[in-house]
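Colleague: Thanks for making time for this. Could you walk me through how the labels were assigned, one step at a time?

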Amino acid sequence: MVKENCGVVGIFSLSGTNVVPMVIDALRALQHRGQEAWGLAIPNKPPLKRLGLVSGSSSEFKKITEEYSSPAVIGHVRYSTMGRSSLENAQPLKVKDLCIAHNGTIANVQELSNLVGGCSFTPQNASDTLVAAQRLVALISENGQMGKALSILKNEMVGSYCFTFISDDNSVYAARDPKGFRPMVLGYKESDDTYIVASESSAVSAVGAKLQRNVNPGELIKLSKNGLETERFSDDLTRAHCSFEFTYFAHPSSNMEGTNIYVARKNIGRFLAKKFPIRDADLVIPVPDSARPAALGYAQELGVSFDEGLLKDRYSKKGPLRSFIEPHQSDRIEINRWIIPIREIIEGKHVVVIDDSLVRGTSSKAIIKALRRAGARKISMVITYPPIKFPCYAGIDFPSREELATFSDGKEMSDVEITEMVRQSIGADFLGYNDAENLAAAVGIPKDSMCFTCSTGNYESLGITPEFRSREEMKGE
């Protein structure tokens, strides 16, 4: 299966302003969504792509801004789980006169590739985005219109997608899948008469634009010299917003589905304190960085003191990166070594550690060991997300079941038994997981409008019955 979770941007200036500096700023504001590669595309030119962080190319910004000067641009930050970190796999991709950037996962990529003449896949050069782009271009040439093409493609394509496109006739398009799995917003900057579409509102704020609204699921937006035009390519009213965005992936400053992420995370912490009121705790500490608002909400609700007992070493090579989206296990372990406990805060205390998720258990185990070494008397761990038991086929990397901390090797286990197994494995004195009802209530979105597939194993919202395979099988090694 070909997977990635990324960030996309599309910008169009009606005043003719060169928006390339703007797209660079927007991509930097989406860097938390992908750290492997970035790229941008303007009409009538091959896309520009670079490996690594956006800021890693800062010495080139002036040159890029001049060479790619354009009032229309799309951009992409990439985090892959398949395919080497190569420029070949970086986005945007160009197919004929259309460039495409994609956030999500096309689950039936093999089936779709048969419709475009069975393009051959190798793990080194695999992209569901490319297949979708080839099929879309074929449909546009048959139907003449992007909206019509998407309304056909949505019936052929299973999965999650937010696309931005740029065509050689200077139009920028953005489309969000009918269920709204992945987030997408629209902003406007009055001073330049410029529209921006991006994965998150943090990118809109970064360029000095104002958030207008969410891009609706099943909506196609066109930005051109005619201004903003919009049409629906799907009438599906069922929603499946990714619940993991609210606890982990999204930037805390972003607004998503009408909810501010920081406020939502703080609220999740409050709701968790009602579910697990650990009254004999001396201290509540977050696992840096994304669990901080939840830990604060938890501490405030219980009236227990909140402190920073774990600090990331910002000066190490890996310190500031996010371990969950590092593709190699050795890199994840290296990152966790740079989370440093503060003995003076922890020693002799019953510490409640709040973390945003527990995926493989690597981080949790390392953190609990470090806290024990720093003299913690007792360690309770509370997780803001329900137990992750199944792979995600909607754009987030939990690809094989046996890599998950909850994997029970075929044994039927209750949630209580799974929690106990994971607790023993990570070495905590107590482990508490959030549940879907509690999380949805805290965020303020109906539970049946959110996707919890990775916890429930119910893939109906995606319309698939997956075959679970190991990562080795998936990578073709």
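Modeller: Let's start with α8 and helix α9 (residues 292-302), whose axes come within 6 Å and cross at roughly 45 degrees. Keep in mind that this is a predicted model.

Colleague: Why are α8 and α9 called oblique to each other?

Modeller: Their axes cross at roughly 45 degrees. Angles under 35 degrees count as roughly parallel, and 65 to 115 as roughly perpendicular. The pair fits neither class, so α8 and α9 are oblique to each other. As for the hand, α8 passes α9 in a right-handed crossing.

Colleague: Which residues make that contact?

Modeller: From α8 they are Tyr-262, Arg-265, Lys-266, Gly-269, Arg-270, Leu-272, Ala-273 and Lys-274. From α9 come Pro-293, Ala-294, Leu-296, Gly-297, Tyr-298, Gln-300, Glu-301 and Leu-302. Sorted by class, the contact of α8 with α9 has eight nonpolar, three polar and five charged residues.

Colleague: What makes the pairing of α8 with α14 oblique?

Modeller: Helix α8 (residues 261-275) and helix α14 (residues 436-443) pack at about 135 degrees, their axes 8 Å apart. Roughly antiparallel needs an angle over 145, and roughly perpendicular runs from 65 to 115. The value lies in neither range, and α8 and α14 are therefore oblique to each other. Their crossing is right-handed.

Colleague: What meets what between α8 and α14?

Modeller: On the α8 side there are Ala-264, Asn-267, Ile-268, Phe-271, Leu-272 and Lys-275. They meet Asn-438, Leu-439, Ala-441, Ala-442 and Val-443 in α14. The classes in this contact come to eight nonpolar, two polar and one charged.

Colleague: Now for α4 and α5. Why is α4 called oblique to α5?

Modeller: Helix α4 (residues 128-143) packs against helix α5 (residues 146-156) at an angle of about 130 degrees, with 8 Å between the axes. That makes α4 oblique to α5, since over 145 would be roughly antiparallel and 65 to 115 roughly perpendicular. Here α4 passes α5 in a right-handed crossing.

Colleague: Which residues are involved there?

Modeller: Ala-132, Arg-135, Leu-136, Leu-139, Ile-140 and Asn-143 in α4 meet a set in α5 made up of Met-146, Lys-148, Ala-149, Leu-150, Ile-152, Leu-153 and Glu-156. In the contact of α4 with α5, nine residues are nonpolar, one is polar and three are charged.

Colleague: How do you know that the length of α4 agrees with what its 16 residues should span?

Modeller: At 1.5 Å a residue, the 16 residues should span 22 Å. The end C-alpha atoms of α4 are 22 Å apart, so the two agree.

Colleague: Which residues of α4 are buried, and what covers them?

Modeller: The buried ones are Asp-128, Thr-129, Val-131, Ala-132, Ala-133, Arg-135, Leu-136, Val-137 and Leu-139. Their cover includes β5 (93-95), β6 (98-106), α3 (109-115), α5 and β7 (159-167). Following α4 is Gly-144, which has a positive phi near 80 degrees.

Colleague: What makes α1 a mostly covered helix?

Modeller: Helix α1 (residues 20-29) has 10 residues, and seven of them are buried. Those are Val-20, Met-22, Val-23, Ile-24, Ala-26, Leu-27 and Ala-29.

Colleague: How do you know that Met-184 is buried?

Modeller: Buried means under 20% relative accessible area. Met-184 has 0%, so Met-184 is buried. This residue lies in the loop between β8 (172-176) and β9 (185-189). Among the residues that Met-184 touches, beyond those up to four places away in sequence, are Val-8, Cys-162, Phe-163, Ala-198 and Val-215. The C-alpha atoms of Met-184 and Glu-200 are 5.9 Å apart, although 16 residues separate them along the chain.

Colleague: And why does Val-284 count as buried?

Modeller: Its relative accessibility is 1%, and the cut-off is under 20%, so Val-284 counts as buried. Val-284 is found in strand β17 (residues 283-286). Leaving aside neighbours within four places in sequence, its contacts include Ala-295, Tyr-298, Ala-299, Phe-306 and Ile-354.

Colleague: To finish, how much of the whole chain is buried?

Modeller: Buried residues make up 60% of the 477 residues in the protein chain. Its secondary structure comes to 16 helices and 23 strands.

Conventions:
Residues are numbered from 1 along each chain as its sequence is written. This is a predicted model: local features need pLDDT of at least 70, side-chain atom pairs count only at pLDDT 80 or more; totals for chains, interfaces and linings use all residues. Side-chain values use heavy atoms; hydrogens and water are left out. Axes are lines fitted to C-alpha atoms, for helices over the stretch in contact, and angles run from 0 to 180 degrees between N-to-C directions. Helices (H or I, at least four residues) and strands (E, at least two) are DSSP runs, numbered from the N terminus. A crossing is left-handed if the near helix is turned anticlockwise from the far one by less than a right angle, and right-handed if clockwise. Contact means heavy atoms within 4.5 Å. Ala, Val, Leu, Ile, Met, Phe, Trp, Tyr, Cys and Pro count as nonpolar, Asp, Glu, Lys and Arg as charged, and the others, Gly among them, as polar. Buried means under 20% relative accessible area, exposed over 50%, partly exposed in between (1.4 Å probe, protein chains only). The expected span of a helix is 1.5 Å times one less than its number of residues.
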